Amino acid sequence: MFFHRKDNKNNDGLVFVASIMPAFSGVYCEILKENGIPFINREHRTGGYLRIVTGGLLIPDDFYVNESDYKRAFELYKAFIEPELEE
């Protein structure tokens, strides 16, 4: 999993939140759903084909949310990849 902000080429009012490897993207989908944040999970163009050929763990999924939900979605993402250690 890794984070970088990039432009949304479709210019449909959505903001990029994160690229997440497929093994973890389902969990992040559930986190967003539980928090009432609408999102779009986009595969890269070659992602579907490569997932069939290679087993699917090499191409990350991109997550987009409404600009008004970006801050909360990113906070949830950070908590997802960097959970606090309990003392």
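This is a short tour of a predicted model, from the whole chain to one helix and one serine.

**Whole chain.** Start with everything shown. The chain holds 3 helices and 3 strands. Colour from the N terminus and follow the order β-α-β-α-β-α. Next, switch on a surface. About 5900 Å² is accessible, and carbon and sulfur atoms make up 53% of that. Of the 87 residues, 37% count as buried. Now turn to contacts. Among those with a separation of 6 or more, 67% join residues 24 or more positions apart.

**Helix H3.** Select residues 70-81, which form H3. Check the length at the end C-alpha atoms: they lie 16 Å apart. The 12 residues should span 16 Å at 1.5 Å a residue, so the two values agree.

Keep H3 and show side chains for Tyr70, Ala73, Leu76, Tyr77 and Phe80. These residues of H3 are buried. They cover an arc of only 130° around the axis, so they sit on the same side of H3. The spacing fits a general rule: an α-helix has 3.6 residues a turn, so residues three or four places apart point the same way.

What covers the buried residues of H3? Add strand S1 (14-20), H1 and strand S3 (61-66); the cover includes these elements.

**Ser25.** Move to H1, residues 22-34, and pick Ser25 within this helix. Is Ser25 buried or exposed? Its relative accessibility is 6%, so Ser25 counts as buried. The cut-off for buried is under 20%. Finally, show what Ser25 touches beyond four places away in sequence: Ile20, Asn41, Asp61 and Phe63.

How values were computed. Residues numbered from 1 in each chain as written. Predicted model: local features only at pLDDT ≥ 70, side-chain atom pairs only at ≥ 80, totals over all residues. Heavy atoms only, no water. Helix = DSSP H or I, 4+ residues; strand = E, 2+ residues; numbered from the N terminus. Buried < 20%, exposed > 50% of the residue type's maximum accessible area, 1.4 Å probe, protein only. Contact = heavy atoms within 4.5 Å. Areas by Shrake-Rupley, 256 points an atom, 1.4 Å probe, with all protein chains shown as cover. Expected span 1.5 Å × (residues − 1). Arc of directions from axis to C-beta.
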